[in-house]
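Here is a short briefing to read alongside the sequence and the coordinates. Please have both open as you go through the points.

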Amino acid sequence: VQLQAYGGGLVQAGGSLRLSCAASGRTFSSYHMGWFRQAPGNERQFVAGIRWNDGITLYADSVKGRFTTSRDNNKNTVYLQMNSLKPEDTAVYYCAATQASLRVRSLYNYWGQGTQVTVSS
C-alpha cells in the first residue's frame, strides 16, 4: 500500500481544513487507517483512526469533537476533517495503514509522506 497525504496549509485559528490520503493497492480496504501528527521537537502522536471492517473511529482526546475521519473504499481515500483549529494543532500530519491496533504507532505498516498544517493565532 502506498499512501499520499495532501490538503494541508495555513489557516487562522477557528478555521477548518480537510486532509485527504490517497492509497494505491488493491488491499486498501482491508487496512485500518490512522492519522498521526508531529510537531517540532515532539514525538509523532495518534490523532484519529478508522477501522476497515466496521467503520468504527477513534480519536485522541485533544481533537475529539473537532476532527472527523472517514473513508471511501471505492476511491481508496481516507479523510480528516479538522474544524475549530487551534495553534496547538500545528504539525506535520501523516496518514498510515495498519492491520492491528489503531492507536499503536509501531504497528503501522505503511506511511504517507506527511502534509504541513499551520494554524495561526
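The points below go through salt bridges, aromatic rings and two individual residues.

Please keep in mind that this is a predicted model. It holds four salt bridges and six aromatic pairs. Two groupings are good places to start: a salt-bridge network of R37, R66 and D89, and a ring cluster of F36, F46, Y94, Y108 and W111.

**Salt bridges around D89**

- D89 forms a salt bridge with R37, and the closest N and O atoms are 2.9 Å apart. D89 belongs to the loop between strand 8 (77-82) and strand 9 (91-98), while R37 belongs to strand 4, so this pair ties together parts that are 52 residues apart in sequence.
- D89 also forms a salt bridge with R66, with 2.8 Å between the closest N and O atoms. Here R66 sits in the loop between strand 6 (57-59) and strand 7 (67-72), and D89 in the loop between strand 8 and strand 9, so the pair ties together parts that are 23 residues apart in sequence.
- Through shared partners, these salt bridges join R37, R66 and D89 into one network.
- Are the members of this network buried or exposed? D89 is buried, because its relative accessible area is 1%, under the 20% cut-off. R37 counts as buried at 9% relative accessibility, and R66 is buried as well, with a relative accessible area of 11%.

**More about R66**

- Besides the salt bridge, the side chain of R66 reaches the backbone oxygen of S62 at 2.8 Å. The side chains of R66 and D89 are also joined by a polar contact of 2.8 Å.
- Which residues does R66 contact, once neighbours within four places in sequence are left aside? They are Q81, M82, N83, S84, L85, K86 and D89.

**A salt bridge with an exposed partner**

- D61 and K64 meet through their side chains in a salt bridge, at 3.1 Å from N to O.
- D61 is exposed, because its relative accessible area is 67%, over the 50% cut-off.

**Aromatic rings**

- A pair of aromatic rings is described by two values, the distance of the centres and the angle of the planes.
- Among the six aromatic pairs is the one formed by F36 and Y108, which is edge-to-face, with 4.9 Å from centre to centre and 85° between the planes. This pair links distant parts of the chain: F36 is in strand 4 and Y108 is in the loop between strand 9 and strand 10 (110-111), 72 residues apart.
- Both F36 and Y108 are buried.
- Y108 also pairs with W111, and that pair is tilted, at 5.7 Å centre to centre and 45° between the planes.
- How do Y108 and W111 compare in accessibility? Y108 counts as buried at 7% relative accessibility, whereas W111 counts as partly exposed at 29%.
- Ring pairs link F36, F46, Y94, Y108 and W111 into a cluster.

**R44 over two rings**

- The charged end of R44 sits over the ring of Y94, 3.6 Å from the ring centre.
- The charged end of R44 also sits over the ring of W111, 5.0 Å from the centre of that ring.
- Both Y94 and W111 are members of the ring cluster described above.

**H32 in strand 4**

- H32 lies in strand 4, which spans residues 32-38. H32 counts as buried, at 10% relative accessibility.
- What does the side chain of H32 reach? It comes to 3.1 Å from the backbone nitrogen of W52.
- Not counting residues up to four places away in sequence, H32 touches I50, R51, W52, N53, R71, A96, A97, T98, Q99, A100 and L102.

**G15 in a loop**

- G15 is found in the loop between strand 2 (9-12) and strand 3 (17-24), and at 17% relative accessibility G15 counts as buried.
- The C-alpha atoms of G15 and L85 are separated by 5.5 Å, although the two residues are 70 residues apart along the chain.
- Not counting residues up to four places away in sequence, G15 touches M82, N83, S84 and L85. Those four residues, M82, N83, S84 and L85, are also among the contacts of R66.

Methods
Residues are numbered from 1 along each chain as its sequence is written. This is a predicted model: local features need pLDDT of at least 70, side-chain atom pairs count only at pLDDT 80 or more; totals for chains, interfaces and linings use all residues. Side-chain values use heavy atoms; hydrogens and water are left out. Helices (H or I, at least four residues) and strands (E, at least two) are DSSP runs, numbered from the N terminus. Buried means under 20% relative accessible area, exposed over 50%, partly exposed in between (1.4 Å probe, protein chains only). A polar contact is a pair of N or O atoms within 3.5 Å; within protein, one must be able to donate a hydrogen and the other to accept it, and residues adjacent in sequence count only if both atoms are side-chain atoms. Contact means heavy atoms within 4.5 Å. Rings of Phe, Tyr and Trp (its six-membered ring) pair if their centres lie within 6.5 Å; planes under 30 degrees apart count as stacked, over 60 as edge-to-face and the rest as tilted. A charge sits over a ring if NZ of Lys or CZ of Arg is within 6 Å of the ring centre and within 35 degrees of the ring normal.
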